[in-house]
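Please open the structure in a viewer and keep the sequence panel beside it. The tour below proceeds by selections, each followed by a short account of what is found there.

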Amino acid sequence: MKIKKPKIKRIKTKTERAKLMHSYYSRTGFYIFIWESLKKAFIPVVVIVTALFLINNYVYNINDGLERITETFSRIGIFSFFFASETLLGLVPPEIFIAWTKKTPEPVLNLAILATLSYSGGLISYFIGKTALKIKSVKVYLEVKMEKHLKNTSKWGGFLIIVGALLPVPFSITCVAAGMIKYSFKNVVLFGLFRFLRFAIYAWAIFKVVD
């Protein structure tokens, strides 16, 4: 009687795994999604910076407006409002708050606080997504409203978290979707750190316009 030798599963090399990942992302349309997102990201940044420059020079002195905001509202109040916005689906563009930090006595510190609040808001959004699964009406509502995000998060996972952290795709929405599909929280924490890079890049561009 001939004894069959057990098949030894060959471990794929890093190059082979990279090729498989590349093939998967190509088939699922990830690269097209990234390209479209980059195009969408580039245009708003250019429009925002150009609009700020034109308005500041020909319509209304933005610096005066930002100083008035700084004098009228407390720092804690502004941070609280921003945190609420970043937790509840990113309702207000963070660029407004980034511009505000330039007029404060400690712009770098306040910018770092904004980035931390935005990052933390995304993490809380993750748990909002997980909690939503327990409430049937909310679950159904979000599944309809966020169908595309849920589908993309299921396909691309961490890479979509990076895209949400860096580009004008609402970060909190991406995190809610991650929570709803029960994506690894550790990975959300890790990939979400790119949020800090986004704030640094946008601050660099906006600070060039705001005196």
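Axes here are lines fitted to C-alpha atoms, for helices over the stretch in contact, and angles run from 0 to 180 degrees between N-to-C directions. Two packed helices are described by the angle between their axes and the distance between the axes. The model on display is a predicted one.

**The whole chain**

Begin with the entire chain in a cartoon view. The chain has twelve helices and zero strands, and its pattern along the sequence reads α-α-α-α-α-α-α-α-α-α-α-α. Of its 211 residues, 38% are buried. Among the contacts with a separation of 6 or more, 76% join residues 24 or more positions apart. Now switch to a surface: the chain exposes about 13300 Å², and carbon and sulfur atoms supply 69% of that area.

**Helix H10**

Next, select residues 171-180, which form helix H10. How many of the residues of H10 are buried? Ten of its ten residues are, and the helix is mostly covered. Among the buried residues are Phe171, Ile173, Cys175, Val176 and Met180. Continue past the end of the helix to Lys182, which follows H10 and has a positive phi, near 60°.

**H10 against H6**

Keep H10 selected and add helix H6, residues 107-132. The two axes come within 6 Å and cross at roughly 35°, and H6 passes H10 in a right-handed crossing. To view the contact, show the side chains of Ser118, Tyr119, Gly122, Ser125, Tyr126, Gly129 and Lys130 in H6. These meet Phe171, Ser172, Cys175, Val176, Ala178, Gly179 and Met180 in H10. By class, the residues of this contact comprise seven nonpolar, six polar and one charged.

**H10 against H9**

Hide H6 and bring in helix H9, residues 158-166. H9 and H10 pack at an angle of about 160°, with their axes 8 Å apart. Why is H9 described as roughly antiparallel to H10? Angles over 145 degrees count as roughly antiparallel, and the angle here is about 160°, so H9 is roughly antiparallel to H10. The crossing of H9 past H10 is left-handed. On the H9 side, select Leu160, Ile161, Gly164 and Ala165, which meet Phe171, Thr174 and Ala178 of H10. This contact includes five nonpolar and two polar residues, and no charged ones. Phe171 and Ala178 deserve a second look: they meet residues of H9 and also take part in the contact of H6 with H10.

**H6 against H12**

Return to H6 and add helix H12, residues 194-207. Their axes are 9 Å apart and the helices pack at an angle of about 140°; H6 and H12 are therefore oblique to each other. The crossing is right-handed. From H6, the contact draws on Pro107, Leu111, Ala112, Leu114, Ala115, Thr116, Ser118 and Tyr119. From H12 it draws on Arg195, Phe196, Phe199, Ala203 and Phe207. Ten nonpolar, two polar and one charged residues make up the contact of H6 with H12.

**Ser80**

Finally, select Ser80, which lies in helix H4, residues 75-87. Is Ser80 buried or partly exposed? Ser80 is partly exposed, with a relative accessible area of 43%. Then select Leu117 as well and draw a line between the C-alpha atoms: Ser80 and Leu117 are 37 residues apart in sequence and 9.0 Å apart in space.

Methods
Residues numbered from 1 in each chain as written. Predicted model: local features only at pLDDT ≥ 70, side-chain atom pairs only at ≥ 80, totals over all residues. Heavy atoms only, no water. Helix = DSSP H or I, 4+ residues; strand = E, 2+ residues; numbered from the N terminus. Buried < 20%, exposed > 50% of the residue type's maximum accessible area, 1.4 Å probe, protein only. Parallel < 35°, antiparallel > 145°, perpendicular 65-115°, else oblique. Left-handed = near helix turned anticlockwise from the far one by under 90°. Contact = heavy atoms within 4.5 Å. Nonpolar A, V, L, I, M, F, W, Y, C, P; charged D, E, K, R; others polar. Areas by Shrake-Rupley, 256 points an atom, 1.4 Å probe, with all protein chains shown as cover.
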